Amino acid sequence: MSHVQAHYDNLLADHYSWMNGSSFAEKVSEQRNLLWDLGIYSRTNGRAIDLGCGPGYQSFALSDLGFESVIAIDNCRALLDELNALRAGTPIEPRLADMRSFATLVERESVDAIVCMGDTLTHLDDRGDVSKLFRDAHDVLRVTGRLVLTFRDLSLELTGLDRFIPVRADDQRLMVCALDYEPESVVVTDIIHIRDNDGWTLRKSSYRKLRLQPAAVAKELQAIGFLVDQDRSVGRLHAIVARKP
C-alpha cells in the first residue's frame, strides 16, 4: 500500500481527525454503537484486532465493549501517535505495521474479533490482497469469531459534476475530493485549501481505492468458510459481518 501510505503521510494524516467533523469521544461512541448493533462485544477474555486503526476510533470502541486485548495496526505513524496519546489505562496495543501482515502477529485460532472499518479495505493494492486478508482472518479467528468489514460501495460510477464530493469546510480549511473511475479502482484526489496569515494555500494528493461489490465480497467470504451474519448498508458505508463456524 505504498501509494496509500504516501498519501496519508504527506497529506491526509494532518487533516484526518478534522475531516471527520466530530470530537474523538463522539467518534468512539458512534463506532461503539455501530459495533454493538453489528453484534460485536466481548463475553470473556476477548481478543480483537483493529486493521487500519487510524487514531483509534474502533480500537477504543472495542475496549469499551469488553475486549481485554486490542491490537491496533496501522502503517501511518502520525495517526498511531494520536492513538498513543490517549490509550493510557486501556488494553490497546498499537503496532506500526502493514495490516496485510497481521496474521504474523498472533497465533492461529487465537482471536475473537477482527475489524477493518471506515473505508480501509478498499485501500489495499488489489483483489489478491483482499482475498489473502480474508483467508488470514479465517485462520486466526477462533470458532464463532467474527470479521467485521465496512467499506464504500464504489461499484456504481459517478459522472460529471457528481464526481466532486465536499468533505468539510470551516474558516481555516476547505476539503473536497474528486473521483476518477477505472475498471477495477477509483482514483481519489483530495484537495485541501488551508488558510494562514498569508492567505490560502492549496495542497493535493491522489491515491487509488478498489471498487468492491458487496455481493462479491459476501460470496468470497462464504467460499472461504465464513457464515455471513449481516450484509447491509450503515450510513454511507456497507457493512458485512462474517462468522467462523
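Two strands are taken to pair if DSSP finds at least two bridges between them, and with that in mind the tour of this predicted model can start at its sheet.

Select β6, β7, β8 and β9 together: these four strands form an open sheet, arranged in the order β6-β7-β8-β9, with antiparallel pairing. Colour residues 164-169 and 199-210 next, since they are the edge strands β6 and β9, each of which pairs on one side only. If you look along the sheet, neighbouring strands are turned against each other by 20 degrees on average, with direction ignored.

Now narrow the selection to residues 173-181, which are strand β7, and residues 185-196, which are strand β8; the two run antiparallel and are joined by nine bridges. To place one of these pairings, show Leu 174 and look across to β8, where His 193 is its bridge partner.

Leave the sheet and move to the second largest pocket, which holds about 210 Å³ of space. Display Tyr 41, Arg 43, Asp 112, Thr 144 and Arg 146, which lie nearest the centre of this pocket among the 14 residues that line it. Adding residues 111-116 and 141-151 to the view brings in β4 and β5, the elements that give two or more residues to the lining of the second largest pocket. Which of the elements gives the most to this lining? It is β5, with four residues.

As a last step, colour the lining of the second largest pocket by residue class, and five nonpolar, six polar and three charged residues should appear.

Methods:
Residues are numbered from 1 along each chain as its sequence is written. This is a predicted model: local features need pLDDT of at least 70, side-chain atom pairs count only at pLDDT 80 or more; totals for chains, interfaces and linings use all residues. Side-chain values use heavy atoms; hydrogens and water are left out. Axes are lines fitted to C-alpha atoms, for helices over the stretch in contact, and angles run from 0 to 180 degrees between N-to-C directions. On a 1 Å grid over the protein atoms alone, a cavity is a set of points where a 1.4 Å probe fits but cannot get out, and a pocket is an open set with protein on both sides within 12 Å along at least five of seven lines; lining residues have an atom within 4 Å of a point. Grid points are joined across faces, edges and corners, and a volume is the space filled by probe spheres set on the points. Ala, Val, Leu, Ile, Met, Phe, Trp, Tyr, Cys and Pro count as nonpolar, Asp, Glu, Lys and Arg as charged, and the others, Gly among them, as polar.
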